[in-house]
Every structure is written in C-alpha cells, then in structure tokens.
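Below are my notes on the model, as numbered points. They start with the metal sites and then turn to the fold as a whole.

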Amino acid sequence: MSLVDLHSHSTTSDGLLTPTDLVKLAAAQGIRLFALTDHDDVDGLAEARMAAEEGGIGFICGVEISVTWHNRSVHVVGLRIDPGSPELLVGLESIRAGRAARAAKMAASLDEFGISGSLVGAYAHAGNERMIGRAHFARFLVEKGYAKDVKSVFKKFLVRGKPGYVPHQWADMSQAIGWIKSGGGVAVLAHPGRYDIGKTNLRLLLTDFQAAGGSAIEVVSGSHTREQYLEFAGYAREFGLLASAGSDFHGPGENYLDLGRLPDLPPGCVPVWQDWEEAQGLKGFN
Ligand code: AMP
Ligand code: MN
Ligand code: MN
Ligand code: MN
C-alpha cells in the first residue's frame, strides 16, 4: 500500500471534511506524505499544514486547477506550490470569479428540467461559497432523491448533453502551469484516464501539457482502474514524465478507494516526490 497520497479535497472546495479532519484521517489511515489539492483555492493549506505537523505526517501544499483544453475541462494539480505566490493567487481568483454565474445557469437548466430550488440547495452544501461547483449540485440532487449517490448523478445530470450542464471557460493550460511554477511548484496532469478522448488526443494532451512546462502525470489515481495504472506508467516512461499517486478523496462514502488504500506505483515509474526533502523518511518506498 502506498504511504503517499498527493490528491485530496477539503471543505475549502468540494470535499466533505475540514482540512484538519481530512489530515487527521490521512494520518490515522497510515499515510506518511499527504497533499491537500483543493480545486482553484489554497485557503485550506495553512490549517492542513498545522494539522499535519501535529499529526506527525509530511505535508505538501497543493492545488487542482481547472483548465480548458480544446473545449474540454482537464485538471492540473500543482504540488509544492507557494500558497503566497501573487501570480498564483490572482490567477486562481480569476477562475473562481466565473463560478457564481455558472451556478446560476446550472440551476436555470435544472429548473427547465423541472427540478427547482437547486441553487439554494447547492449552496447549502458548499463549505466555501466562492467554490460553488458541480459536486455541491450533485449532493443536492442526491438529497432530493434524483440519484442514489454522487457518482450516479454524473450519469444523468451535470455532464455534456444532460440537464444542469453549462459549458465554461477555465484557465488555459500554459496559464495554469505558469501560476503553479511561479512559486516553485510542480505541475501534474490529474487523472488522465478520466478524459475519454481517445489515444490520439491523449498523446496530444500529454504533448501540450509537457510543452507548457508540466512534468508529471497521475499514474495511480482513485479514478483509474488497475489496467490504467499500467497504461499510464507506460505513458510516463514514453514521455519522460514523473509519476504521481493520489486518491482524489472527497469524503467518506464518495470515493472508489478509501483514504490510505492506494497501491504503490508500478515498477519503472520515477516518483514525482523522489527528490523532495519531505519524502526523505520514505526512502525505500515508492
Ligand atoms: P466543477 O469544478 O464544478 O466542474 O466540479 C468538478 C467536480 O465534480 C469534480 O472535482 C468531482 O468532485 C465532481 N465530479 C465530476 N465528475 C464526476 C464523476 N463522474 N463522479 C463523481 N464526481 C464527479
Ligand atoms: Mn471535486
Ligand atoms: Mn479532478
Ligand atoms: Mn480532485
């Protein structure tokens, strides 16, 4: 089992646990090196870092940035970022700013479909109103009985062609990677197995990502199958990219894998944390 988990969410974005409770759970589950990577916001990092110091686990400051690439949403995780970098902070603020108007449009689309009250309902699930997003709408839809759980929501609602979907313009790839690197961070392409774009476009995505300064991909991810661990280990080798591992944990009951249950990276991967001082105690593990 991996002692490392470099992708997770707290109430600062669309996770269910506060930064403190999340880090406590990670420590209790045996994780030794942990990153909080909330969507488009770094406000939970100070609290999480304190909890990690108290809990005696290694902590990495992270963020997961929403990017639009050829009219699709992809996610770029920044690790070892500087949460005080002005360029990063201004950039994140600029993409958060569109979320309120997007949420209103999502609610209007659900209204048309006969589902009322979703705007107020979604905000009631948002720990951080400026980060209102699809997961909060999903929890509202589960609460009202329109789907049995959050995963099922995304089969019937909130995705392209379904009620509640609203196209949106996020950051572009090179902007997002520039913000991450402005404070010395490393850019990691999140859950590449989730994009469902075919092999040719996937190679294009990896090429663009690398050309824009990205240096790692998630090989082991809570959104990947076992076959995809091997597939993306292969892409990492082929492109000369470092490998990351992250659960994408959002809270108890909302995940494919529980916190602390990630397998080790497949052989042949170069871990993104290989040279990090925070990982020195982990030598011998991958
Ligand atoms: P947003 O940033 O508002 O577009 O919301 C994206 C979030 O919605 C993701 O980070 C997940 O939390 C959630 N989400 C999107 N697709 C799925 C899915 N298929 N299953 C579960 N959660 C999903
Ligand atoms: Mn999320
Ligand atoms: Mn993501
Ligand atoms: Mn995530």
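How far apart are the manganese ion (ligand 3) and the manganese ion (ligand 2)?

1. The separation between the manganese ion (ligand 3) and the manganese ion (ligand 2) is 5.8 Å. This is a predicted model, in which local features need pLDDT of at least 70, side-chain atom pairs count only at pLDDT 80 or more, and totals for chains, interfaces and linings use all residues. Residues are numbered from 1 along each chain as its sequence is written, chains are lettered from A and ligands numbered from 1 in the order in which they are written, and side-chain values use heavy atoms, with hydrogens and water left out.

2. E64 (OE), H75 (ND1) and H191 (NE2) are the protein donors of the manganese ion (ligand 3), at 2.1 to 2.2 Å. Donors here are N, O and S atoms within 2.8 Å of the metal (3.2 Å for Na, K and Ca); water is not among the atoms, so sites may look incomplete. Along the chain the spacing of these donors reads E-x10-H-x115-H. H75 lies in strand β4 (residues 72-79) and H191 in the loop between β5 (186-189) and α9 (198-211), so the pair, 116 residues apart, links distant parts of the chain. Helices (H or I, at least four residues) and strands (E, at least two) are DSSP runs, numbered from the N terminus.

3. H75 is buried at 14% relative accessible area, and H191 is buried at 1%. Buried means under 20% relative accessible area, exposed over 50% and partly exposed in between (1.4 Å probe, protein chains only).

4. The manganese ion (ligand 4) is coordinated by H7 (NE2), H9 (NE2), E64 (OE) and D248 (OD), at 2.1 to 2.2 Å. E64 is thus listed for ligand 4 and also for ligand 3. The donors of ligand 4 are spaced H-x1-H-x54-E-x183-D. The manganese ion (ligand 4) is 4.7 Å from the manganese ion (ligand 2). H7 is buried, at 0% relative accessible area, and H9 is buried, also at 0%.

5. The protein has 10 helices and 7 strands. Its radius of gyration is 18 Å, which agrees with the value near 19 Å for a compact globule of 286 residues; the radius is taken over C-alpha atoms, and the globule rule is 2.2 Å times the number of residues to the power 0.38. Of the 286 residues, 53% count as buried.

6. Among contacts (heavy atoms within 4.5 Å) between residues at least 6 apart in sequence, 72% join residues at least 24 apart.
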